[in-house]
Amino acid sequence: MTTVQTTYPGSFLAGAEHRNATVQAARTAFTTWSELAVSRRGEILGRAAHHVEQHLDELIPLLTREQGKTLRDSRIEITKAIDTLMHYVGLSKALRGAHAPNLDPGVEGYVLRRPLGVVGAIVPWNFPTTLLCNKLAPALIAGNTVVAKPAATTPLTTLRFAELLAQGGLPEGVFGVVTGRGSEAGTALVTHPQVRKIAFTGSTPVGEQIMALAARGTKRVTLELGGSDPMIICDDADLSAAASAASMGRFYNCGQACLAIKRVYVFESVADEVIEAVVAKARRLKVGRGDAPGTQMGPMHTAGGRDEMAAQVSGSVDAGGELLTGGGPPSDPELADGFFHEPTVVLDPPHDSPMAVEEVFGPALPIWRVADLDEAIFRANSSPFALGSSVWTRDLARAREAAQRIEAGYTWINSRTKVYDELPFGGWKSSGYGKEHGIEAFDFYTETKSVVLGAG
Ligand code: NAP
Ligand code: MG
């Protein structure tokens with residue numbers, strides 16, 4: 001786990017030999033790990049998570065340095081990752097199957113669960129530790145072992161996290177890390193004959209490639225993919241709370257979140273008030289280095305990501321959208337060298353422009369004025385993505401209608417778009433396949449078997 005080659009600048013690259021040894025170690029560890037009592041696995045993981053928690057002060061700046069997010073957000077992220085481990089430690093007591101009495105005279109059946117084997121976990125750079133632990137926790141408690149492939153640009157926190165879990169008592173091989181580029185290290189994990197399942201978080205195009213590759217060998221997959229989450233603000237909403245949620249939802253982590261609010265649809269009669277509030281909040285956000293005191297929004301993670309977003313904004317403005325604020329790098333000369341971008345708001349870009357149809361993975365928010373709930377839901381559903389969604393209204397009938405009709409794995413009503421470990425999470429349509437979080441996550445890390453106890 002610790003042999004890494006530094007063969008390309010700015011990152012670590014594991015070679016084929018290291019990858020195979022890591023998967024082999026996970027396969028070997030599976031035999032003993034899967035046979036432990038589930039409560040024992042919970043105890044071991046809980047103790048290891050506690051050990052990681054003792055090193056928060058080291059992990060937080062490490063994550064900020066390699067990812068760019070503020071220290072405050074690194075703390076929130078890593079604390080949440082540890083919470084998720086502990087959540088599944090608690091759920092270890094709830095892992096069970098089912099029973100069917102009297103199938104025939106004297107015959108009964110039961111459904112048992114078995115872990116899958118070695119799980120490959122491939123995660124992106126925007127939340128390296130939470131996205132990892134969403135997979136690691138249910139996979140390990142269910143008895144699998146895991147080999148993770150972090151993003152090529154954020155291997156450090158993951159490597160240290162793994163090291164701390166091992167120091168905290170997680171047995172050798174139960175969790176390993178292979179580093180390197182997706183096209184090489186990621187593909188190698190997907191096609192490795194000893195890997196039984198791939199749990200992937202990342203972009204839709206890569207998710208589709210992985211699903212196709214995993215078909216050979218009939219491997220299991222869960223795919224947490226891109227999103228373009230709509231937010232609907234009705235005329236009877238708490239407009240100030242909704243504007244805060246829009247700003248927070250879009251600009252958090254410099255807009256680089258799958259569940260960021262990426263499209264706002266606001267009823268025409270209250271649009272001016274909401275737009276004014278969102279623009280004011282965008283202008284007030286303090287952009288700066290993640291490790292500088294007072295920073296509210298750090299830089300974008302890569303120059304490529306920043307340029308891609310800038311092209312989406314300019315394409316949408318050129319097509320007829322109105323740029324209300326932002327639109328480029330901040331004027332502060334101290335920020336000239338980083339991948340900084342001002343919080344940006346665009347009004348009414350055409351419904352076929354890039355900001356409407358593509359995923360915008362950065363701090364730029366399009367807002368559209370709509371006539372009513374019907375139009376808002378029609379627009380919300382006219383995206384290939386269907387990850388999260390939110391609606392703001394004081395009218396129960398409207399809230400229920402939106403929850404029924406919006407195509408998405410999550411609908412928040414009068415709430416910030418926060419993910420709870422208690423509830424299953426996962427996109428519909430091009431946003432993915434399968435669920436993470438909730439007790440439902442166990443379904444994606446186990447096979448069930450029906451057993452019939454006959455009368456003979
Ligand atoms: P990405 O390019 O798909 O990369 C994600 C991970 O897959 C990285 O570790 C990457 O390695 C690896 N990878 C790339 N190509 C691969 C291949 N051919 N085979 C196997 N692995 C491969 O994702 P991204 O664009 O960096 O991340 C942002 C995307 O993730 C957005 O679309 C966002 O919405 C989505 N996301 C979804 C969720 C969710 O829960 N639904 C959560 C967070 C983010 P490299 O680092 O070498 O590229
Ligand atoms: Mg990529």
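1. In this predicted model, helix α7 (residues 182–191) packs against helix α8 (residues 204–215) at an angle of about 35°, and their axes lie 9 Å apart. The crossing in which α7 passes α8 is right-handed. On the α7 side the contact involves T187, V190 and T191, which meet I210, L213 and A214 of α8. Sorted by character, the residues of this contact comprise 4 nonpolar and 2 polar ones, with no charged residue.

2. Turning to the aromatic side chains, a search of the whole structure yields 6 aromatic pairs. One of them joins Y88 and F442 in an edge-to-face arrangement, with 5.6 Å from centre to centre and 85° between the planes. Because Y88 belongs to helix α4 (residues 71–91) and F442 to the loop between β17 (432–433) and β18 (446–453), this pair ties together parts that are 354 residues apart in sequence. Y88 counts as buried because its relative accessibility is 0%, and F442, at 1% relative accessibility, counts as buried too.

3. The rings of W125 and F361 also form a pair, and since their planes stand at 80° with the centres 5.7 Å apart, the pair is edge-to-face. It links distant parts of the chain, for W125 is in the loop between β3 (118–122) and α5 (128–141), whereas F361 is in the loop between α12 (354–357) and β12 (364–370), 236 residues apart. With a relative accessibility of 23%, F361 counts as partly exposed.

4. Two further aromatic features deserve a look. Y410, W412 and F425 make up one aromatic cluster. The ring of Y445, for its part, has the charged end of K197 sitting over it, 4.1 Å from the ring centre.

Conventions
Residues numbered from 1 in each chain as written. Chains lettered and ligands numbered in written order. Predicted model: local features only at pLDDT ≥ 70, side-chain atom pairs only at ≥ 80, totals over all residues. Heavy atoms only, no water. Axes fitted to C-alpha atoms, helices over the stretch in contact; angles between N-to-C directions. Helix = DSSP H or I, 4+ residues; strand = E, 2+ residues; numbered from the N terminus. Left-handed = near helix turned anticlockwise from the far one by under 90°. Contact = heavy atoms within 4.5 Å. Nonpolar A, V, L, I, M, F, W, Y, C, P; charged D, E, K, R; others polar. Phe/Tyr/Trp six-rings, centres within 6.5 Å; stacked < 30°, edge-to-face > 60°. Buried < 20%, exposed > 50% of the residue type's maximum accessible area, 1.4 Å probe, protein only. Lys NZ or Arg CZ within 6 Å of the ring centre and 35° of its normal.
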